[in-house]
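Work through the exercises below with the sequence and the 3D view open. Try each task before reading its solution.

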Amino acid sequence: MVTTVRHLGPNWYAAVMGTAAVATAGAALPGPRVPGLRTVCAAVWALSLLLLLALLAARALHWTRHRDQARAHLLDPAVAPFYGCLSMALLAVGGGALTVGRDWIGDDAALALDVVLFTAGTATGLAAAVAVPYLMAVRHRTMAAQATPVWLLPLVAPMVAAAVGPLLVPHLPPGQARATLLLGCVAMFGLSLLATLLMLPLVFARLITGGPLPLALTPSLFLVLGPLGQSTTAVGAFADAAPGALPAPYGEALGVLAVLYGVPVMGFALLWLGLAGAHVVHARRHGMGFAMTWWAFTFPVGTCVTGAAALARHTGLFVYDGLAVGLYGLLVAAWSVAAVHTVRGLFSGALLAAPRTAPVAPRPVTVRTTSGAVR
């Protein structure tokens, strides 16, 4: 077991996030309840909790017995951003405890579990949002040509905290406690949103000027959906929690924000979903195989499901009901494929093996024509 976890990176928390997203997104679906769906969602949430506990134990063993490899991960610009996934895994499972897990473990246990996981997830998320960009600037020496959507991961973690934090607001005493938590979530929404707006142009510019991402990284384009869907979910949650926490007119203003912000952002999310999907089809045609990056197809899509569900609540439009259901179908399909391949890779040992060194190949020669085309 000690040797097995040597190459277990923080990217594995994405499997926990994706599994929890299936549960919470399913419970948030608008419209008539499908018989048995909530029970299935509760079972999937329980699975995400078990995965989280197992992964926390394995990662603790990794840090205890393989500190050299753990430090190498922190100093690797391709791996360090995944430390944001630890925060999001804690927050996703904690939020799921209150939304659907309480059906199995009871209200008191669900509340206690969410308090612990929300506190730990928020603290680690804020730490990652500062530490990872600092390491990128001081130690990693990255270049703009290396930009990928993975860079967004530590910046999105506070947005996840902002989206699940309002679930705890009604459980606090009225007055200062509720207002402080809710406005603290609004602050995390703002810091994550502004940081994402700084980073996203780098990612888009790299994509347009540098061509398609490497095949294994192509699924990471779906990570851009995370801050879009999660921020839409967050403003909807603010509007839901505001009446019992903030005085007028702030409560009403957050209800307006849920629609005026959520509608255009969800529109851009659908645009990016089409663009990312086209890149994935292109990569598959060129031989893209399974990698752990396939889990990027899950949690970000799940945030769009909950974002669409929030818009359905606050606009009353059936089109968002249908959008949430359609995106949830995509989420379940993506999770099923990623889960099957992950289990297969674990049993074969391929996913926990040491990375293979790419063979040295001669640098391709390019010729630029008078029209500017490269051949």
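The exercises go from the whole chain to single residues and pairs.

This is a predicted model, in which local features need pLDDT of at least 70, side-chain atom pairs count only at pLDDT 80 or more, and totals for chains, interfaces and linings use all residues. Residues are numbered from 1 along each chain as its sequence is written, and side-chain values use heavy atoms, with hydrogens and water left out.

**Exercise 1. The fold**

Task: Find how many helices and strands the protein chain has.

Solution:
- Use DSSP runs, numbered from the N terminus: helices are H or I with at least four residues, strands are E with at least two.
- The count is 11 helices and 0 strands.
- The radius of gyration, taken over C-alpha atoms, is 21 Å.
- The globule rule (2.2 Å times the number of residues to the power 0.38) gives 21 Å for 375 residues, so the chain is as compact as a globular protein of that length.
- The C-alpha trace spans about 65 × 55 × 45 Å along its principal axes.

**Exercise 2. The inside**

Task: State what share of the residues is buried, and which core members touch the most others.

Solution:
- Buried means under 20% relative accessible area, exposed over 50%, and partly exposed in between (1.4 Å probe, protein chains only).
- Of the 375 residues, 50% count as buried.
- A nonpolar core joins buried Ala, Val, Leu, Ile, Met, Phe, Trp, Tyr and Cys residues through side-chain atoms within 4.5 Å.
- The largest such core holds 119 residues, and Met-88, Leu-182, Phe-189, Phe-222 and Phe-238 touch the most other members.
- Now take Phe-189. Contact means heavy atoms within 4.5 Å.
- Beyond its neighbours within four places in sequence, Phe-189 contacts Met-159, Ala-162, Ser-231, Ala-234, Val-235, Phe-238 and Tyr-261.

**Exercise 3. Two residues of one helix**

Task: Decide for Ser-48 and for Leu-50: buried or exposed?

Solution:
- Ser-48 lies in helix H2.
- Leu-50 also has its place in helix H2, which runs over residues 37-65.
- Ser-48 is buried, because its relative accessible area is 0%.
- Its contacts, leaving aside neighbours within four places in sequence, are Val-16, Thr-19, Ala-20 and Val-93.
- Leu-50 has 57% relative accessibility, so Leu-50 counts as exposed.
- Leu-50 joins Leu-53 and Leu-56 in a nonpolar surface patch of about 280 Å².

**Exercise 4. Salt bridges**

Task: Find how many salt bridges the structure holds, then place the pairs.

Solution:
- A salt bridge is a side-chain nitrogen of Lys or Arg within 4 Å of a carboxyl oxygen of Asp or Glu.
- The structure holds 3 of them.
- Asp-103 and Arg-38 meet at 2.5 Å, N to O.
- That pair links distant parts of the chain: Asp-103 is in helix H4 (residues 84-105) and Arg-38 in helix H2, 65 residues apart.
- Asp-103 is partly exposed at 40% relative accessibility, and Arg-38 is partly exposed at 32%.
- Arg-102 pairs with Asp-107, with the closest N and O atoms 3.9 Å apart.
- Asp-240 and Arg-313 meet at 2.7 Å, N to O.
- This pair also joins distant parts: Asp-240 sits in helix H8 (residues 225-241) and Arg-313 in helix H10 (residues 299-315), 73 residues apart.

**Exercise 5. After a helix**

Task: Where is Leu-351 found?

Solution:
- Leu-351 is in the segment after helix H11 (318-348).
- Not counting residues up to four places away in sequence, Leu-351 touches Trp-12, Phe-290, Met-292, His-341, Thr-342, Gly-345 and Leu-346.

Definitions and conventions:
Patch = residues over 30% accessible without salt bridge, like charges linked within 9 Å, V, L, I, M, F, W, Y side chains within 5 Å. Areas by Shrake-Rupley, 256 points an atom, 1.4 Å probe, with all protein chains shown as cover.
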